[in-house]
Amino acid sequence: MKGEKHALVIIDMLNDFIGPKATLRCENGEKIVPNIRKLIDFCHEVGIQVIHVQEWHRPNDADFRVRPVHAVRGTWGAEFIPELQPEEEKGDYIVRKRRHSAFSYTDMDLFLREEKIDTVVLTGVWTNVCVRSTGSDALYHGYNVIAISDACASQTEEMHVSGLRDLGIFGEIFSTEEYIRMAREKFGAKAV
């Protein structure tokens, strides 16, 4: 496992992607909620930074030329799902984005550099779109990339596997349990 300081990145676990009322529902995304929760709790325990990425579109965002209107800033759809609310009192950080990558026109890179984080651990939806885009941009910015296979999801298994295949070209792939076991061995009781 590469890197000396990790950040768990949770991508777009929002009402407009998760749950039966979601505009762009990713049904498989509902299955990964328990694993992401387990990773958050582990990261809080050992001092690994947790970053929640939130799509936060303008009402007439250019993104809506190709996709349905979703995650408009200030709406229910753009809110984090109840099970995965950011815990700012525990140091969780929120990055708002308007494009697929959490690095595109956000302060993600600045925050990671200020915190001296060298490795991003990616979770969330959609594996083949926003997770993959964030992973490739992380590599371009000089970060190590880890994707958690059972804490990412896409609409279909084929899309998910395709995204993981791409992420595996420029990063490492672990299951939730594999990552927790290796991170505990690497960082011991505290990661900071």
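## Report on the sheet and helix packing

Five parallel bridges, given here as 5 bridges, join strand β2 to strand β3 (residues 93-97), and these two strands run parallel. The model described here is predicted. Within the pairing of β2 with β3, glutamate 55 has lysine 97 of β3 as its bridge partner. Strand β2 also pairs with strand β1 (residues 6-11), in the parallel sense and over 5 bridges. There, glutamine 49 in β2 is the bridge partner of alanine 7.

The table lists the two pairings of β2.

| Strand paired with β2 | Sense | Bridges |
|---|---|---|
| β1 (residues 6-11) | parallel | 5 bridges |
| β3 (residues 93-97) | parallel | 5 bridges |

### The sheet as a whole

These pairings belong to an open sheet of 6 strands, whose order is β3-β2-β1-β4-β5-β6 and whose pairing is parallel. Strands β3 and β6 (172-174) are at the edges, each pairing on one side only. From one strand to the next, the twist averages 25 degrees.

Strand β2 (residues 49-55) is largely enclosed by the rest of the structure, because 7 of its 7 residues are buried. Both of its faces are covered. On one side, Gln49, Ile51, Val53 and Glu55 are buried, and on the other side Val50, His52 and Gln54 are buried as well.

### Helices on the sheet

Helix α4 (residues 127-140) lies across β1, β2, β3, β4 (119-125) and β5 (144-153). The direction of α4 is at about 170 degrees to β4. Helix α5 (residues 157-170) also packs on the sheet, where it touches β4, β5 and β6. The direction of α5 makes about 165 degrees with that of β5.

### Packing of α2 and α6

Two packed helices are described by the angle between their axes and by the distance between those axes. Helix α2 (residues 33-46) and helix α6 (residues 176-187) pack at an angle of about 5 degrees, and their axes are 10 Å apart. Helix α2 is therefore roughly parallel to α6, since angles under 35 degrees count as roughly parallel. On the α2 side, the contact involves Asn35, Lys38, Leu39, Phe42, Glu45 and Val46. These meet Thr176, Glu177, Tyr179, Ile180, Ala183 and Arg184 in α6. By character, the residues of this contact divide into 6 nonpolar, 2 polar and 4 charged.

### Annotated domain

An unreviewed UniProt entry places the feature "domain: Isochorismatase-like" at residues 7-178. In the model, this span is 33% helix and 22% strand, and its end C-alpha atoms lie 16 Å apart.

Note on methods:
Residues numbered from 1 in each chain as written. Predicted model: local features only at pLDDT ≥ 70, side-chain atom pairs only at ≥ 80, totals over all residues. Heavy atoms only, no water. Axes fitted to C-alpha atoms, helices over the stretch in contact; angles between N-to-C directions. Helix = DSSP H or I, 4+ residues; strand = E, 2+ residues; numbered from the N terminus. Parallel < 35°, antiparallel > 145°, perpendicular 65-115°, else oblique. Contact = heavy atoms within 4.5 Å. Nonpolar A, V, L, I, M, F, W, Y, C, P; charged D, E, K, R; others polar. Buried < 20%, exposed > 50% of the residue type's maximum accessible area, 1.4 Å probe, protein only. Pairing = 2+ DSSP bridges. UniProt positions renumbered as here; feature names shortened; annotations may be inferred.
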